[in-house]
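Reader: I am new to this structure. Could you take me through it?

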Amino acid sequence: MKNTRGLSPCGFPLVFSKSKTGFTKKYAEFIREALGCPAYDYKSSKNINLDSYDVVIYGGSLYASGILGLKKFKTRLKNQKLIVFAVGATPPKEGLDEELIKANFDEEERKNVKFFYMRGGFNFDELNLIDKGLMKMMKRSIEKKDPEERTPDEKGMLNAFNQPVDFTRSKNIEPLLDYLRKVENNEENVG
Ligand SMILES: Cc1cc2nc3c(=O)[nH]c(=O)nc-3n(C[C@H](O)[C@H](O)[C@H](O)COP(=O)(O)O)c2cc1C
């Protein structure tokens, strides 16, 4: 039976990285609810045998353009098709997906991957000490710049230090759901 999003309950797992401040977990929850797929955080996913699936969804937050946990996760895959969603603070913009795909997958891997970017948020108070230190360094370097020369992203970043920002919206998973609808209707192959 189809679910409310017009998709069959998916038979493949969704695994998400340690969500340091909760944004990736929130998207994993939206996707789990929409698809009815089994969802695991990275730690609990170690108990499942990925070999028995043809398709796997992996979600991870962005740290210096790298998708958290993805490198390690890839070593657990054989020939499965991989659907990846990355969660970052940056607003979506032209060229961003290509940039992130290039940073996280080699040419061979790109053939088997479908990638989505979803905007998360930023919560300085919830970061660990190392990340707080890195972000403070970044803040200082932005503050050194002439305010007129700061990019919109940099201005947004400075504001977010004072007040947590949350851009997670359930509508942001729609492109991933649309893609799965197409796969289900055989209009598109995974990857
Ligand atoms: C040290 C550090 C580096 C980051 N690098 C990026 C980045 O390269 N691109 C981006 O969009 N967001 C970046 N962020 C923001 C996080 O990706 C963002 O807050 C995300 O929503 C966190 O998700 P999580 O709570 O699930 O871990 C960075 C945050 C920190 C602390």
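**The ligand shell and the core**

Author: Please note that this is a predicted model. A useful place to begin is the shell around the ligand, whose residues divide into 10 nonpolar, 10 polar and 2 charged.

Reader: Which residues come nearest to the ligand?

Author: Thr21, Thr24, Ser61, Gly88 and Gly120 come nearest, out of 22 residues around the ligand.

Reader: And which helices and strands supply at least two residues of that shell?

Author: Helix 1 (23-35) and helix 6 each do so, as do strand 3 (55-63), strand 5 (81-88) and strand 7 (121-122).

Reader: Where does the ligand lie with respect to the domains?

Author: The ligand lies between domain 1 (14-123 + 165-184) and domain 2 (124-163), because both give residues to the shell around it.

Reader: Back to helix 6. How many of its 16 residues are buried?

Author: The count is 0, so to speak of helix 6 as hardly covered is fair. As for its length, the 16 residues (129-144) should span 22 Å at 1.5 Å a residue, and the end C-alpha atoms are 23 Å apart, which agrees.

Reader: New topic: what about the largest nonpolar core?

Author: That core has 28 residues, and Tyr27, Ile31 and Phe85 have the most contacts inside it. Strand 5 gives the largest share of this core, 6 residues. Among the other elements that each supply at least two residues are helix 1, strand 6 (113-119) and helix 8 (174-184).

Reader: What is Tyr27 in contact with, leaving aside its neighbours within four places in sequence?

Author: Tyr27 is then in contact with Gly59, Phe85, Val87, Met118, Thr168 and Ile173.

Technical notes. Residues are numbered from 1 along each chain as its sequence is written. This is a predicted model: local features need pLDDT of at least 70, side-chain atom pairs count only at pLDDT 80 or more; totals for chains, interfaces and linings use all residues. Helices (H or I, at least four residues) and strands (E, at least two) are DSSP runs, numbered from the N terminus. The expected span of a helix is 1.5 Å times one less than its number of residues. A residue is buried if 20 or more other C-beta atoms lie within 10 Å of its own, exposed if 12 or fewer, and partly exposed in between; C-beta atoms are placed from the backbone. A residue is near a molecule or strand if its C-beta atom, placed from the backbone, lies within 6 Å of it. Ala, Val, Leu, Ile, Met, Phe, Trp, Tyr, Cys and Pro count as nonpolar, Asp, Glu, Lys and Arg as charged, and the others, Gly among them, as polar. Domain bounds come from an automatic or database domain assignment. A nonpolar core is a set of buried Ala, Val, Leu, Ile, Met, Phe, Trp, Tyr and Cys residues joined through C-beta atoms within 7 Å. Two residues are in contact if their C-beta atoms, placed from the backbone, lie within 7 Å.
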